[in-house]
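Hi,

Here's the structure I promised to pass on. Have a look, and then read my notes underneath.

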Amino acid sequence: LPHVKVLGVPFVNTSLETCLRLLKSWICDPQPRTVNFVNAHCLNVAQHDRYYLQVLHDSDLLLPDGSGVKLACRMLDQELEANLNGTDLLPHLCDMLVADGKRLFLLGAAPGVAERMAEKLKERWPDLEISGVHHGFIGPEIIEDVLAQINQGTDLLLVAMGVPAQEKWIAAHRERLQVPVVMGVGGLFDFYSQ
Ligand code: UDP
C-alpha cells in the first residue's frame, strides 16, 4: 500500500474500501497483526517518546486519523485519500464480524464503559458475537486472567487505554495474545458508550 511520512511516522494512504478489504482478510487469518491509528496528538507524542515511535513503526498497519494529519500531509504536498479513524471504521468492522461469524473483545476504559458499549453494539448488531469485555486498568495481579479471557476465542481485539499506553500495552503482550487482529482505539469506548 502507498505510504505517507509525517514527522518520521509512516502511515498508509489508501481508500476506506482498500483498508476494509485488508482488515477483513486479516481478521480471517490466524497470523497476528497489530493495527494502530495516528492523529496529530500521536505525532506530537512520538517526537518525545522514542519507544512509542518504535512501536508505531512496528505496527502492521498504521492508519491516518483526523483532519490534523490530513492538513500536515497537504503542507507536505501529499494528499490523503481518506481519513481512516476508529470511529468511522467501527460500523464497518461490526458488519464484517457479523458476516464472517467472527468475535469481538472490548478491552479498555473505566469499569462499566466497555459493558455499556457492548450493549449499544448489540442493539445495532444483534448477531454480533462479543467474546468478552474488560476495563483498561489492568494491574499485574489480573493480567493472566485478562489474557486468558481474551484468548478464549477472539478474532478482533479493540484496546482503548489512550495514547501511548495502549500501543505499548499491545506491544508488550502481543506475543501472548492469540488474536488475529489487535487494534488500539484511544477514547473510542468513552465516545461510543454515551
Ligand atoms: N484508560 C485505560 N487504562 C489506563 C488509562 C486510561 O483504560 O490505564 C482509558 C481511559 O479510561 C479512557 C482512555 O483510556 O477511556 C483514554 O482516552 P483518551 O480520550 O485520553 O484517549 P486518546 O484517544 O486521546 O489517546
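Two strands count as paired if DSSP finds at least two bridges between them. Helices (H or I, at least four residues) and strands (E, at least two) are DSSP runs, numbered from the N terminus. What you have is a predicted model, where local features need pLDDT of at least 70, side-chain atom pairs count only at pLDDT 80 or more, and totals for chains, interfaces and linings use all residues. Residues are numbered from 1 along each chain as its sequence is written.

Now the sheet: six strands make an open one, with parallel pairing, in the order 4-3-8-7-5-6. At its edges sit strand 4 (61–64) and strand 6 (129–134), each pairing on one side only.

Strand 8 (residues 181–184) is a good place to zoom in. Strand 7 (residues 156–160) runs parallel to strand 8, joined by four bridges, and Leu156 has Val181 as its bridge partner there. Getting from strand 7 to strand 8, the chain passes through helix 8 (residues 165–173) in a right-handed β-α-β crossover (with the strands pointing away from the viewer, the path from the first strand over the helix to the second runs clockwise). Strand 3 (residues 33–38) is also parallel to strand 8, with three bridges, and Arg33 stands opposite Val181.

Is strand 8 buried or exposed? Val181 and Met183 on one side, and Val182 and Gly184 on the other, are all buried (20 or more other C-beta atoms, placed from the backbone, within 10 Å of a residue's own).

Cheers

Definitions and conventions: Buried ≥ 20, exposed ≤ 12 C-beta atoms within 10 Å, placed from the backbone.
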